[in-house]
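Thank you for having me this morning. I would like to talk us through how two chains meet, so please keep the structure open while I speak.

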Amino acid sequence: MTHSRHEPKGPAAMKMHQLITADGDRVADELLDGFVSDLDDQSLRNLYEDMVVIRRIDFESTALQRQGQLALWPPLVGQEASQVGSARALEKEDFIFPTYRENGVVYCRGAEMSKAVGVWRGTSNTGWDPHEYNMATPQIIIGAQTLHATGYAMGLALEGKESLAIAYLGDGATSQGDVHEAMVFAASFQAPVIFFCQNNHWAISEPVGLQSHVPLAGRAPGYGIPSLQVDGNDVLAVLAATRWAAHRARTGGGPSFIEAVTYRMGPHTTADDPTRYRGVTELEEWGAKDPLARMRTFLINAGKLDDEAEAAISAKADEQAAALRLACINLPDPEAMSLFENVYVHEHSELELQREQYRAYLASFEPATASATQGVNANAQRSVS
Amino acid sequence: MSNLTLTQAINAGLRRALEDDPKVVLLGEDIGTLGGVFRVTDGLMKDFGSHRVIDTPLAESAIIGTAVGLAYRGFRPVCEIQFDGFIYPGFDQIVSQVAKLHARTQGMVRMPMTIRVPFGGGIGSPEHHSESPEAYFVHTSGLRVISPSNPQDAYTMLRQAIASDDPVLYFEPKRRYHVKGEVDLEGDLTAAPAMGSARIVEAGTDVTLVSYGPLVKTAVDAARAAAGEGISIEVIDLRSLSPVDYATVQESVQRTGRLVITHEAARTLGIGAELAASITERCFNYLESAPVRVTGFDIPYPPSKLEKHHLPDLDRILDGVDRALGRPNSHTGLEY
Ligand SMILES: Cc1ncc(C[n+]2csc(CCOP(=O)(O)OP(=O)(O)O)c2C)c(N)n1
């Protein structure tokens, strides 16, 4: 069974929208220019700052995983522009349905990163209060969130609201049935939803060419959903493209699909070994398109970033990373009986019984060793002799 | 005899099946170049080609659903579901199609398909990576559901599953993936214990302790600890969850008079519930006490820092044994 290993082939190569080239030059784009004409110098610097901080946080988290403080970490290095550009295009009322890799979006949303890392430390399954940040908790089941976003958007439309929902998804996710069904519903009900697909070229070991023989953005029109392909390493272009889609959603234009063409510079997660499936030349090629480097060059050439501003940004990144480290290390292990919390809003008697049985069981251990936060195994009273 | 880990034994079983029968094909996410996220299929694409070891797009319903079509065409597909929690997108194809086609077509269509699922907890994973979904499939007629607990069984049972003309769900105890054991790679399949048979792992006289997959080792540890206190536990590795080898369990319970069942899956309507009911029906007059279940709680799988509380361990199993023996047991004061 053969399939193309890398870029999707087939008909309909698409125009890739770009505003800043890999060399840091500003280029014009008829559709997108108007969506970023309002940005002043500070706003442009802020986009850069976000990306620097996010990369720093990502490196810190990877280090925390290597040091055994996190069980796992999904790095986003290379995808900073896609995450910052899209997240900064949203209003507070817009609701985000992320995957597990949207840590940059989490940061932009203002949710505490320390809570986000709890999911990877194994202290909780929830990063933050979805209602507080208008952002759902990380989705691991590939593609499931696209349906949730569509439904949320249908709800907004039913209530006559001007807000939108956005679903983040990967290139691999576009193969899932859920994603196709989401696009059908989104089109059927003209839901104000954005499908924001980060094509980072890999789904664990599988190249995007295995998932699709046409550009991913080329699929959406088949469902009646307008789409754009944008340079996902160009933060300005991603911001503009997402504003385009958001404008459509807010003005009754219905769903949109954005393919942000980017690259996962690191492994899929810290448990993965990319040397098994991808070559070094590919990495070098994408290294030259780095989203941070190009924005920096653009800002410096335009006289919008001096040494002092850069030092301040770098200091902020260090500060955020240090705070994250401290918060992560200090995250307490959850209390044993919290196992039984929140299974239901209205608990039933069978679960109550199991809770009481386990409480009594824990209490039956010696007081010195019965601390609920300690492992049962650790204080085993009867072990193999 | 070769000394192999459980993953290597499965790999050897797949290799042997691919060699023996050109109609065997493997399908799954990342099973090719990467060799699977657990490296179970390591080297197979290299040796058998990408038309036999097929890296599929990321879609479980499609993996199972296209395997149905391949089976119609006379292939014997072996599907890999990457983790337990990702079988649900393929659930409809398994329970509505795979399980029923033989009956629906009055025996004219066979589904000789194996669906491999790494399952269970205890490895510190995030959500959806530690589930024990076996009961859903046991509840569906037309499927066979098996789970090996050691490298030899992993090898033999996988070969039997692939050779079976009925669809088989093959649940791999992922926390035991690195356990080593002697494996006879040349053994005659017809001489091996049948796929549906249970095995007595440790003989004993006071209590019958039944388990399968990841908890068999824990059950054996519990039996050895109990032996130190003068309690003799007979440990049975179920091996097959559908059908269950009731003859073996029944014979044991008739001798011991007491039954404890342990599994990671939630208690309600789990394998333990079925076993307790069926053995009570069969052995009521022999039972000295009510069967006891030591299982995961009826909760969504907890974050990994709490899984040690959720998963039955040696102490909880022994507490269950105490209850079966009618001892003051864990001093909980509760009667059940
Ligand atoms: C339904 C389901 N199947 C399989 C997996 C295992 N898995 C986790 S991430 C992943 C690859 C996802 O690739 P993509 O959608 O491109 O997103 P990326 O991780 O590259 O951001 C796979 C196969 C899963 N989480 N959910």
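Before I give a figure, let me say that buried area is the accessible area, taken with a 1.4 Å probe, that two parts lose on being put together, summed over both. What we have here is a predicted model, and in this model the area buried between chain B and chain A is about 4800 Å², with carbon and sulfur atoms giving 58% of that area. On chain B's part, B:Leu58, B:Lys305 and B:His309 supply 14% of the area that chain B buries against chain A, which is more than any other three residues supply. In terms of residues, chain A brings 61 to the contact and chain B brings 56.

Let me turn to the polar side of this interface, where 13 residue pairs are in polar contact between chain B and chain A. The side of chain B that touches chain A is made up of 21 nonpolar, 16 polar and 19 charged residues. Across the interface there is one salt bridge, in which A:Arg276 pairs with B:Asp42, and their closest N and O atoms are 3.0 Å apart.

Which element gives the largest share of the side of chain B that touches chain A? That is α12(B), with six residues. This helix is largely enclosed by the rest of the structure, because 10 of its 11 residues are buried, and among them you will find B:Leu314, B:Ile317 and B:Val321. Following α12(B), finally, comes B:Gly326, whose phi is positive, near 70 degrees.

Notes:
Residues numbered from 1 in each chain as written. Chains lettered and ligands numbered in written order. Predicted model: local features only at pLDDT ≥ 70, side-chain atom pairs only at ≥ 80, totals over all residues. Heavy atoms only, no water. Contact = heavy atoms within 4.5 Å. Salt bridge = Lys/Arg side-chain N within 4 Å of Asp/Glu carboxyl O. Polar contact = N/O pair within 3.5 Å; in protein donor to acceptor, adjacent residues only side chain to side chain. Helix = DSSP H or I, 4+ residues; strand = E, 2+ residues; numbered from the N terminus. Nonpolar A, V, L, I, M, F, W, Y, C, P; charged D, E, K, R; others polar. Buried < 20%, exposed > 50% of the residue type's maximum accessible area, 1.4 Å probe, protein only.
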